[in-house]
Amino acid sequence: MIFGRSERGKPPVEPVTFKILVAGGFGVGKTTLVGAVSEIRPLRTEELLTEAGRPVDDISGVESKSTTTVAMDFGRITLREDLVLYLFGTPGQERFWFMWDELSEGALGAVVLADTRRLEDCFAAVDYFERRSIPFVIGVNCFEGAARYPVEEVRQALDLDEDVPLLLTDARDRASVKEVLIGVVRHAMAYAAERRQTAVTT
């Protein structure tokens, strides 16, 4: 059980905990994002890329990458005394997608990381969350040397609905990542409220 700090003489606050997924293509920065913001040492399941995996692992655009997540990344961040997020980074390679169903069980929402140099790599994650009605935001990871595009151009390229938040971020920067996570929580809460309202009026 995790308890937040409390003022002297007051009982400790038991925070509400939410599960957030961090998804996207291979090499887009999921492990980096979780590590940048987690207040605990992240659990990582990274393995070295091998010659045997070259026929199935597309490393074009991320040739310097030498490891890959084979199960998940896990981290935790306390946004407020009464609100804690558990972060689960999904594996990006297609051969590990079978794990997504289990990881997404009970998730409040998701961050789909995108790289404008390989924008098509996040299409599968967008489709996955849309099909399962899991609210998500797009976090465009601003890599050094990558071209910068207006947010609306990226939105159009991804064919996103207008109500899906799209944010620019730096997966290495704690403050930047925190803003994206706050965006996920807000979007998920609004999404849940809208569904409740729809249920009441139908």
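Trainee: Is arginine 155 buried or exposed?

Mentor: This is a predicted model: local features need pLDDT of at least 70, side-chain atom pairs count only at pLDDT 80 or more, and totals for chains, interfaces and linings use all residues. Numbering starts from 1 along each chain as its sequence is written, and side-chain values use heavy atoms, with hydrogens and water left out. Buried means under 20% relative accessible area, exposed over 50%, and partly exposed in between (1.4 Å probe, protein chains only). With a relative accessible area of 8%, arginine 155 is buried.

Trainee: Which residue forms a salt bridge with arginine 155?

Mentor: A salt bridge needs a side-chain nitrogen of Lys or Arg within 4 Å of a carboxyl oxygen of Asp or Glu. For arginine 155, the closest N and O atoms of the pair are 3.7 Å apart. The partner sits 3 residues away in helix H4, so about one helical turn separates the two. With a relative accessible area of 49%, the partner is the partly exposed glutamate 152.

Trainee: Which residues does one network of salt bridges join?

Mentor: The structure holds 8 salt bridges. Where they share partners, they join three residues into one network. These are Glu144, Asp170 and Arg172.

Trainee: How many residues apart in sequence are arginine 172 and glutamate 144?

Mentor: Their salt bridge has its closest N and O atoms 3.2 Å apart. Arginine 172 lies in the loop between strand E8 and helix H5, and glutamate 144 in the loop between strand E7 and helix H4. Helices (H or I, at least four residues) and strands (E, at least two) are DSSP runs, numbered from the N terminus. So the pair ties together parts that are apart in sequence by 28 residues.

Trainee: How far apart are the end C-alpha atoms of H5?

Mentor: Expected span is 1.5 Å times one less than the number of residues in the helix. H5 has 28 residues, so it should span 40 Å. The end C-alpha distance agrees, at 41 Å.

Trainee: Which helix gives the most to the largest nonpolar core?

Mentor: A nonpolar core is a set of buried Ala, Val, Leu, Ile, Met, Phe, Trp, Tyr and Cys residues joined through side-chain atoms within 4.5 Å. The largest has 25 residues, and Val112, Phe129, Phe136, Ile138, Leu158 and Leu160 touch the most other members. E1, H2, E6, H3, E7 and H4 each supply at least two residues of this core. The top contribution is 4 residues, from H3.

Trainee: Which residue of threonine 31 and aspartate 73 lies in strand E4?

Mentor: The two side chains make a polar contact at 2.6 Å. That term means N or O atoms within 3.5 Å; within protein, one must be able to donate a hydrogen and the other to accept it, and residues adjacent in sequence count only if both atoms are side-chain atoms. The E4 residue is buried, at 1% relative accessible area. Strand E4 covers residues 73–80, and the residue in it is aspartate 73.

Trainee: What is the mean pLDDT of the chain?

Mentor: pLDDT is the predictor's confidence in each residue, from 0 to 100. It stays under 50 over residues 1–5 and over residues 49–57. Still, 78% of the residues reach 70 or more, and the mean is 84.

Technical notes:
Contact = heavy atoms within 4.5 Å.
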